[in-house]
Every structure is written in C-alpha cells, then in structure tokens.
Amino acid sequence: MARMRNLTIGLQRVLVVLAAACWAAAGCPGQSTAIGDDSKSAAKNALQNIGVTKGVCMVLGLPDAEEPGFVTELAAGSELIFYFQSPSAEEVAAVRRTAEQAGLLGKRVFVDQGDCKSIHLADNMAAVVLVSPAVGKDDIDTTALLRVLHPEGKLLLGDRQLVKEFPENTDDWSHPYHGADNNPQSRDQLARSPYLTQFLAGPMFCPMPEITVASSGRIFKAFGHIAHKANQNAVLNTLLCINGYNGTVLWRRKLPEGFMVHRNTMVATPDLFYMADAESCKVFDARTGKIKDEIVLPEGLADGPVWKWMAIKDGVLYALVGGGEIKVAVQPSSVPGMGHWPWGMWEGHDYRDQKTNFGFGRTIVAIELGNKKILWTYRDDEFIDSRGTCMGSGRIYFYSPEQSLGCLDAKTGKVAWKTSAPDLLAAIGPNGRAQHYVTGYSTTTYIKCNDEMLLFAGPQRSRLVAAATADGKLLWQKPNGNSQLVLRDDGIYAAGPGATGCKMAYATGNVLAQLPARRACTRATGSVDSIFYRTTGGTVRVDVASNTAHHIAPIRPPCQDGVIISDGLLYWGPWMCGCQLSLYGHVCLAPAREFNFRPEVDDSRLQTASAAVASDNAVGVRPGDWPCYRGDNQRTAVAKVALPRSGVKRQWIFTPPAPCRATAPVTAGGQVFFGDDSGMVRALDADGKLRWKAYTGGAVFCSPAVAKGRVFVGSADGRVYAFDAATGQRLWCFRAAPAERWIPVYGKLISTWPVSGGVVVHGGVVYAAAGIAHYDGTYVYALDAATGKPRWCNDSSGTVSAQFNSGVSLQGNLYIRGGELCFSAGNVHDTARYDLATGKCLNEPNQSVRSNFRTAFYAYYPRYGQYVSLNHTLADGRSLNYQASYDGAKHSRLALLVPVAPGAKPQRQTNRRQGPMRKTLWQEPSGRAFNSFIVAGDVLLTAGTAGAYSSKGAFLAAVDVKDGSDIWRQELPAAVVKGGTAVDHDGRLFVSLENGQVLCLSGN
C-alpha cells in the first residue's frame, strides 16, 4: 500500500504539547539543584517521559554538573543507546569517567564535546532528544535538535514536548514489490543521489529466503528456513521489526515452521503490519509486535486455509487462498565462515504439482478490514499462480499457467475479462524451473502492471511478454524473458544478463537504451532518479536522467529483495552470499542533499591545548622497541631482539574496569601503550601499573604509534590525537572527518569517517585516513607531527573513476611500502596507494562497474578479520608462510618453504589458492589458527587458537624455525587480538587479549 505523505511547506513539522517536566522537579534553566542531588531519581523521571526503550537517545548537557552519573543511570534503566554532548569539557570528562566505571562507555554511552547549536548526530537519527534545563535558551537551536530527531521522535525541552512528524513527499514500500502492482518503483522524492551512510546494523547475515516491507520508518523483515552458514541460524524463521532510521531491532517474533515465506503475504501500514501464513492473516501492532487481530477465513470458503497472495487497498484486503502445500524443513547450518553461495534447494522449488505448489490456489477473496466482513469471493476452475497475480487501477489480474489470464473488478469480484488466446499463452509459455544462480529463484513474482499493460518477465520466463490490461490481448513479445523489470513513466527498464539489459518503449518493446549487464539473480528496484541492481560486484546505480552507470562497490542488493526505498532512505541486506563485499549486515544510505564532500581544511579542524607542552622527561623509542602496529611502518612483524627460548613466565596482567576489545600493544622507553573500543588510550609502566589514561570520542580500533616522545592515535570519532607519551596530556587533535556526523555502526556510534586504520608516523609526519565507503568520501592526510597542521590532504580518492563514481574505501590498517602510503581499498581496488610527499592517489581508475575484491575489516568484523597471514623470506631464501582468507574461512598450514629457484618468479598466494605452492621443509601439523606472528631470527613467536573461529585453546608459542616444533607454549585466558603481540628492548613480550587484558611475559 505505497502512499505519498501530505505535502507541507517548511523544514519539519512538529506537534507541540505540554509535558511534565522530564528532569524530575527541574525548573528553569540554571535552577537544577533539586535534581542534581539524586541522579537516579532524575533518570527515572526522565525515562518515564522518554516513553521508549530502544533506539538512540541524545542528551544535551547535564541537569547538574555534580551528577555526571545521570546518563549512566538512563542507560541502566533502558535498552537505549545514549549520545551525550556538551560544550563543557568538564561535563564531558565526568560523564566519560562514570560511563567507564559502569562498563558502558563505548557500548551504550557515547560522549563528545560540542556546541549546543551544532549537534554531531546524523539527520533523523534519535528517537528522543533530551535537553537539560541547565542549557540556556539562547544556546539552543531548535532546528538543529529537530534535524537529528527522526519522525515520531520526541524533543523534550523544558515543559514542552515536540513530536516530529514525517517529512513531505515520501513513500512506503508497503508490499514485497513496493505495491500491489508488483512494480518495484518507489515514488519517494527524497531518496536521491548522492548518498551518505545512515547506519550499518545487524543482523549481519541471514538465511534464505528473505522478504521485506516498510512503512513509516519501520522495516519488517521475514527470514526463512535455510541457513548455509552457522552465523545465519540466529534468525531462522524469524520476523524482525527494525527502526528504519538507526537500525535498532525494535521487536522480533518466531515464524511458524513449514511455511515458505517468499511470497506476497506481507503488507506494512503506518500503524499495523499484516502477515499471512498457512492458517490465517495475523495483524500486528507495528510499534510493539503484539498481535492485535487475526483474520481467519470460514471453513469451506476455499480448498484450504493457506494464504497464497494478498494486497491491501483503500481499507480492503484482497487475498488468494487455497489448499495445503509442500512443507519446507528448517535447515540450520554448522558450517563456519562469513558468506556462501546460497543455492541449496528446498522442497517444492521445482513446482511439479499445482495442487501442492507454493502459492497456488483457486479462490480470491475481498475482506473489509474495519469489520473483517467478506465483501466477495471468486472461485476459478483452474489453479491460479500467486507469482502471476497483481493488482492495479481497481483490478486484480491473475494467471493460470498455460490455461488462462483473467481480470476481476476489485469492487465487485466480477470477471471483467478472461482469455485463453493461443497466441498469448504460447508467448507466455510454460514456467521454467529457475532456482539457479543465473536465472534466479523460482518463487519470484513474474507479472507486473500499470494502467495499460501487463508485463511477464522473470527467472521462470523464456520471453518477455506484454498484454493489454483492457482485454488481455497480446501486444508484443521479445526473447530473453529473464529480466528484472522496473516500470517508469519514461520506459520499461529491464535488467538482464549479458547484453539483454535495456530500456524499452511501452508501445513496441523497442530498445531505447542499453543497460549494464545484470549479474545473476538480484532483483532490480527503482527510486525517483535511479535503477539499482547487482553488477559483477557491488551495486550498479543507473542514473535515469543521463542513462549512466554509477558503482556502489562495498554492498550489493540482496537476491530476493533488491534495494528497498522507503521514508526517504535506501536499504541493503542483510547478507546471505559470499560475493565481493566490504559491508555486511543491514545497510542504510541517506540522501546527502547539499552536503559538501570536499570542504576546506581550515583552522577549525585543529584543536591545540592551550598549555600543551611536551614533557621534559620524554619517552624515547629504544632499539628493539615495538613503537607501532606490527613493529614498523611496513608492518613486517620482525623483532630486532632475541626472544626467550627457555620458556616464559607472566610478569603482570592488566585488567580494565570492564571487558573491551583492546588494540595490539606498542612499546617505547619501558612503557606499553594501547587503545580500546571504548575510546580509551592507556600507558602502563614496566610493572604493569597505569601510568596515564586518556579519552578519545570514539573507538580506537588500531594501535597507537609512538615517535619523538608522543603517542599518536586515530579514533572512530573521526579525529587524530597526539598525546605526550610521559604524561598523557593531549597536545593536539585534528578532525580528519569532513564534518561532525555520527552514525550507528554495529552497535557503536562513530563518525561517518572514522580514523579506523590507525596512523603511520614517518619523518616527522603523521599519516592518517578517514572513511568507511568510497561513496561517503575517503580523506587522507599528512599532518605535522609536532603541530598537527596539515601538510597535504587528498579528499578525492573516494572517486578515482569519475565516470563510474567509484574509488577507494578505507578497509584496512595503514602502512608504508616503497615510499607509498597504503591500505586495503575495498572492492574496486585491492590496495590504496598514495605518494608520501604529495598525497596523490596512484591508483588507476577502474572504468567499469566491476568489483574483484572481498574484505572483512577487523575494525568492524573482528570475528572474521582476526587472522594474520605470514609470508616472510629469511636471509637464506627460505620462506615462512601461512595464509588465511579474508574472512578466516580458509587457512593453510604454517610452513617453511624452500627458496625460490634462481630466475623463477615466486607464485603469489591468493584467497582462491590456499596453502604453499612450493616444496615444504616442514608444515605445522595441528591446524591451529593464528592471530599474530613475530619473526626473530630462528624463533617465530605465534599466537592463536586451536582452530578457526574458536576461542578455545588460546595460546602463545615460540616455534623453532628450523623444524616447526614448539620451543615453548603458554596457555592464555582469552584469544589474542589481531596482530596483538609486541616486544620491547629488553626482550619482554606483551600480549593484548580480546577481553581487554594486556599481559607481560619474560624469559625464565
């Protein structure tokens, strides 16, 4: 039931109502003493006025500076994620401390300093904005507060409650193919290119099949019965309702087993969600998931109670119902790994018997929703295929394979016409078997309509056929029926394989323009300015105004859903495939509108502490120290000191206040430094005692780097920080992100442009990069290490190919190789390369919509990207080799290889060819999975677990390079983080664990 919302003039409409003071007994600004005496009481009262328990809540300022625990108490009393912002550095520091002590910092509480008139959250993000009465009226910009509030969200401002209404001119995706006409073309006027990421959320992976509808900021996803990887089991036969603005799962319900869900039996409306199964149509409260009603058809009305197809129009529910079907069996998986090729079949996919086929019935019924009164019924002699049923212009069109095509008047249920014309039936032809990665899914709908025309195309069809809605007369036919159609006013867009993709004229079917080839099974969908479908890799966005192809490389449309467009936003995923991806899960893009992707790098980006002076007692890097990730800027993981050979003993263990994911440790001058995903940076002395700690605004995903008495770190808040290594005093902070725009990323609030790949320090320069996906923009910098001032900035490499709008995505840790700054570049380019002196991007444009590479960046997918490969050539030409695939699904055995023969070119290891391709001198027999290596002469320090994706048997071991045997082995309480081992000048070993602990060991 797609609908256009009322047009209004202005920014955002709000409903203003009087509300009880949300800060307990709080009075006017500046009179908050009564609340500050008891933060628990204040939080309890605030939560009562908030009225929601899930989503994002923004808190602006504290009710009392003496009660920083207020935000923590809010989090403890709800499931909300809280973003706190204040212009006061003291308030920010105090809230961070209390959230850290409660174990909530970086998990449910996120804190940043900022002006009250410049809110750092992305548009339409928060369910609630709570403004402290201590914030002066002159300091508040109501427009800015409403900007971050999503529709139906509440702004609590003193004794006023403002409820944000929906913006003008948006559209729902109310039926599985957008509307009852099965035409996947949105009429939403806001969801226009260019785009910015709105959220990355769970579930990351899902079983098959899946089906999605959306309305009024809520996404409803039903998942089916087959899991091909173990990570999909959690949502087998599950219905989720998801907040469409921030990705929060609002509620979930288990679905009945045995019913194949991939059919048109879901409809979303602003207040109710309808879902039918083998017994009835359930009516859910869209906000809570509670069943409000159930529509059960009278016994004997049809061949059985199974709902095959349904649509809702003008308060009437129309349904095709019939007898029992083949029941599908739930198939969980025990196979580890990230993605797969989802072509295991299920019972009944071959459609052999009309009596038991999925979606075949003989009775169509119209039901008035207000009173559940049956308005009319129609019974056909033949079985109607729900895949060949649609509704438009007050008519229901239905097809009985190889028998007839008919039309009912939706008001009366009377037959308007019915035809068995031989030329029409011959053109439509028999149903193909489909269910193949090239043709697609046999359960896919193959009929669409507009006012004048019915169109038949899809994975089962050998020809594309057009028939008249007036009488069913054959209008024209064309070969190559396996096309995914989108019907627009300017023509028929047919996304097809090979050279068959084209735009066609309605009257004749003549080709008006060619389209890029569609790869395999993915459904095509349309927004106001674009057509989306899968290319060789990623998503192609066909700009309909210019008929040009643009590449959205890190994500691809799900096979059975395509890109869903609703409420001004676009949705991809979650994933069931093993394609060339970088972003997994439920991904939402928002229109960027007038966003400036290339703003000036001015002085406002750099903050320098007024009294920032490096300590006289500077921490120096000594020979043999490990001052950065994997030991040096090339990330070689080669130690310059001897490692213990006679066993090790634990010297100390540091345990953080709450479990967290620590970065790999680095060492300098007798100290060890590390960050964690709560945003902390810590320095420990030689005895493991905390020397200092400092906060950043977001998660620290990669190790700090130490140089010239300073510690440099990149944070997910989009900034680069410099701290004095001796004291932890912040010396400077540079915002690498082009703007302050925080979004949810798998449960954390971070910048749209996090500095997640760490930093590299070389020659007095700090190199850093900010971003996630190329379409958001990728920003690379050279900063003066002493002052933080930019030496150069590359803000254009997100678009290396201007023709296809594709380029570099930040998907790995930074390193230097051959005078170039490098990192994993996502899908279009394997490695991003920049000239160190000028910042020029050295990657050649990929002038196609092709993706060749897969990534699973450890920062976002630690379970899959946790393994470290090794390819180290010793002085005598022998090579230590271990290869882990990008997702950890495939591992070779750790081995020592013979030297490459003189004049021979060494063969490169790839994800497709695992294991050594040269003769082995020895091979590690146990099949252990490795997270970290350090090479030190004839000793190889290893860390890992007993097997892939396992936390059992975590160990640290020294391996003798000569024969591959363990010299010694130390059991660990938790697995080591990626690259999580380090040494210092005294030969001590340091290990970061996944639970946040850091260990120090030394030789016996």
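This is a short walk through the structure, one selection at a time. Keep in mind that the model is predicted.

**The whole chain**

Start zoomed out, with the cartoon on. You have 1004 residues in view, and their radius of gyration is 30 Å, which agrees with the value near 30 Å for a compact globule of that length. Along the principal axes, the C-alpha atoms fill a box of roughly 90 × 80 × 50 Å. Colour by secondary structure and you should find 68 strands and six helices. Buried residues come to 65% of the chain. Of the contacts with a separation of 6 or more, 59% are between residues 24 or more positions apart.

**Into the core**

Now select Leu121, Trp572 and Tyr860. These touch the most other members of the largest nonpolar core, which has 114 residues. Stay on Trp572 and show its surroundings: leaving aside residues up to four places away in sequence, its contacts include Phe532, Ile552, Ile555, Pro557, Pro558, Val563 and Leu589. Arg556 and His586 are also among the residues Trp572 touches. Apart from this core there is another, of 34 residues; to find it, pick Ala936, Val939, Leu941 and Leu1001, which are among its members.

**Rings**

Next, show the aromatic side chains. There are 41 aromatic pairs in the whole structure. Try Phe199 and Tyr571: the ring centres are 6.3 Å apart and the planes meet at 45 degrees, so this pair is tilted. Phe199 sits in strand 8 (residues 195-201) and Tyr571 in strand 37 (residues 569-572), so you are looking at a link across 372 residues of sequence. Both Phe199 and Tyr571 are buried.

Then jump to Phe220 and Trp251, another tilted pair, with 6.1 Å centre to centre and 55 degrees between the planes. Here strand 10 (residues 218-226) supplies Phe220 and strand 12 (residues 249-254) supplies Trp251, so the pair ties together parts 31 residues apart in sequence. Phe220 and Trp251 are both buried too.

For a bigger selection, grab Phe205, Tyr584, Phe701, Tyr746, Phe857, Tyr860, Tyr861, Tyr864, Tyr867 and Tyr949, which form one aromatic cluster.

Two arginines are worth a stop while the rings are showing. Arg523 lies over the face of Tyr177, 3.7 Å from the ring centre. Arg362 does likewise with Phe383, at 5.1 Å from the ring centre.

**A buried arginine**

Go to strand 34 (residues 539-543) and select Arg541. Buried or exposed? Arg541 has 6% relative accessibility, so it counts as buried. Add Ser193, which is 348 residues away along the chain, although the two C-alpha atoms are separated by 9.4 Å. The side chains of Arg541 and Ser193 make a polar contact of 3.4 Å. Widen the view and you'll find Arg541 also touching Tyr195, Asp529, Phe532 and His550, among others.

**A buried glutamine in a loop**

Last stop: Gln866, in the loop that runs between strand 57 (831-835) and strand 58 (870-873). Its relative accessibility is 6%, so Gln866 counts as buried. Which residues does Gln866 touch, not counting those up to four places away in sequence? They are Tyr858, Asn931, Lys978 and Glu994. Zoom in on Asn931, whose side chain is joined to that of Gln866 by a polar contact of 3.1 Å.

Technical notes: Residues numbered from 1 in each chain as written. Predicted model: local features only at pLDDT ≥ 70, side-chain atom pairs only at ≥ 80, totals over all residues. Heavy atoms only, no water. Core = buried A, V, L, I, M, F, W, Y, C linked by side-chain atoms within 4.5 Å. Buried < 20%, exposed > 50% of the residue type's maximum accessible area, 1.4 Å probe, protein only. Contact = heavy atoms within 4.5 Å. Helix = DSSP H or I, 4+ residues; strand = E, 2+ residues; numbered from the N terminus. Polar contact = N/O pair within 3.5 Å; in protein donor to acceptor, adjacent residues only side chain to side chain. Phe/Tyr/Trp six-rings, centres within 6.5 Å; stacked < 30°, edge-to-face > 60°. Lys NZ or Arg CZ within 6 Å of the ring centre and 35° of its normal. Rg over C-alpha atoms; globule rule 2.2 N^0.38 Å.
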